[in-house]
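Welcome to this short tour. Open your viewer, get ready to make a few selections, and follow along one stop at a time.

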Protein chains: 2
Amino acid sequence: MIKITIAEVSKKYNLTQDTLRYYEKIGLIPHVPRNNNGIRNFDEESCRWIEFIKCMRSAGMQIEVLIKYISLFKQGRETLEERRNLLIEQKEKLVEKYTEIGNTINRLENKIKIYDEIAEGKRKDFMEEP
Amino acid sequence: MIKITIAEVSKKYNLTQDTLRYYEKIGLIPHVPRNNNGIRNFDEESCRWIEFIKCMRSAGMQIEVLIKYISLFKQGRETLEERRNLLIEQKEKLVEKYTEIGNTINRLENKIKIYDEIAEGKRKDFMEEP
DNA sequence: GCTTGACATGGAGTAAACTCCAAGTGATAT
DNA sequence: ATATCACTTGGAGTTTACTCCATGTCAAGC
């Protein structure tokens with residue numbers, strides 16, 4: 001079984017050691033094994049959790065929600081339904097955000113096009129602001 | 001020319017009056033007209049800016065960037081190029097974010113599918129966590 | 001004339017998510 | 001055996017984007 005130090009995990013996932021300790025402290029990583037000196041020895045499961053957390057965080061999912069999810073996971077089978085509902089709810093939130101960002105990207109593209117036209121002299125004004 | 005109070009703008013764009021005053025204070029709304037008692041009378045241009053700011057913020061664009069953009073806008077034609085570059089850079093950031101959220105949505109959908117299979121009895125384990 | 005209500009201001013407070021720091025431990029290299 | 005290094009902890013500090021509050025002004029209604 002592979003065990004790696006916090007320095008290695010930090011490098012692997014591009015998260016600071018402080019962030020990893022913080023994540024563990026608040027309950028985002030179910031079980032981080034330690035050696036007999038109290039030093040963390042992340043195993044594969046911890047790493048998978050970290051990767052999962054990182055992915056969810058990169059999309060902006062709130063830490064509170066992730067704490068909830070992991071806490072439900074730790075409680076076992078009886079929380080399957082609740083976990084599923086949580087995931088669905090969060091997915092819907094992300095879809096909403098996704099749409100919003102898509103709209104904003106479109107708007108920016110249009111705006112940039114106008115700037116290009118001004119640069120090419122096809123437009124004389126810049127009164128389309130905002 | 002239509003002029004509306006902060007209360008009306010607040011309602012129209014679903015932003016608190018505090019937020020609107022804050023936005024003006026930090027330089028996000030180029031020019032908000034006032035009556036002779038110092039009370040804000042938002043005109044159409046202010047409203048367009050507010051709507052623009054709201055759209056950008058909803059996608060997570062940072063306030064600092066928006067302050068920069070508006071400050072460039074106020075300086076006039078000589079900043080056209082710089083504004084265009086700023087918009088392109090921000091658009092690219094949003095595209096990155098968009099992709100990340102898309103990936104996370106896919107991942108959540110797969111996870112939800114697994115939960116469904118467990119619920120239907122097609123899977124007995126839930127060890128696919130995380 | 002007085003109250004009410006909507007507005008104004010400056011500045012303090014808050015929430016989320018880290019980030020930094022001081023002080024301490026234990027294994028390893030010189 | 002002493003220094004160095006990578007780790008540990010608890011707790012304080014930081015950043016971003018608001019949000020709240022105390023105090024004050026003015027116009028309108030009773």
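A polar contact here is a pair of N or O atoms within 3.5 Å. Keep in mind as you look around that this is a predicted model.

**Stop one: the phosphates of strand C.** Select A:Arg57 and DNA strand C: an N or O atom in the side chain of A:Arg57 sits 2.8 Å from a phosphate oxygen of the strand. Next, pick A:Tyr23, which has a polar side-chain atom 2.9 Å from a phosphate oxygen of DNA strand C. Add A:Asn37, where the corresponding distance to a phosphate oxygen of strand C is 3.4 Å.

**Stop two: the surface around the strand.** Now show the 18 residues around DNA strand C; those that come nearest are A:Asp18, A:Tyr23, A:Arg57, B:Arg21 and B:Arg40. Colour them by class and you will find six nonpolar, six polar and six charged. Which element gives the largest share of this surface? That is α2(A), with four residues. On the DNA side, 78% of the strand C atoms within 4 Å of the protein belong to sugar or phosphate, and the rest to bases.

**Stop three: two helices of chain B.** Select residues 63-75 (α4) and 80-119 (α5) of chain B, whose axes come within 10 Å and cross at roughly 160°. An angle over 145 degrees counts as roughly antiparallel, so α4(B) is roughly antiparallel to α5(B). The crossing is left-handed. To see the contact, show side chains including B:Leu72 and B:Phe73 from α4(B), and B:Leu86 and B:Leu87 from α5(B). By class, this contact has six nonpolar, one polar and three charged residues.

Definitions and conventions
Residues numbered from 1 in each chain as written. Chains lettered and ligands numbered in written order. Predicted model: local features only at pLDDT ≥ 70, side-chain atom pairs only at ≥ 80, totals over all residues. Heavy atoms only, no water. Near = heavy atom within 4 Å. Polar contact = N/O pair within 3.5 Å; in protein donor to acceptor, adjacent residues only side chain to side chain. Nonpolar A, V, L, I, M, F, W, Y, C, P; charged D, E, K, R; others polar. Axes fitted to C-alpha atoms, helices over the stretch in contact; angles between N-to-C directions. Parallel < 35°, antiparallel > 145°, perpendicular 65-115°, else oblique. Left-handed = near helix turned anticlockwise from the far one by under 90°. Contact = heavy atoms within 4.5 Å.
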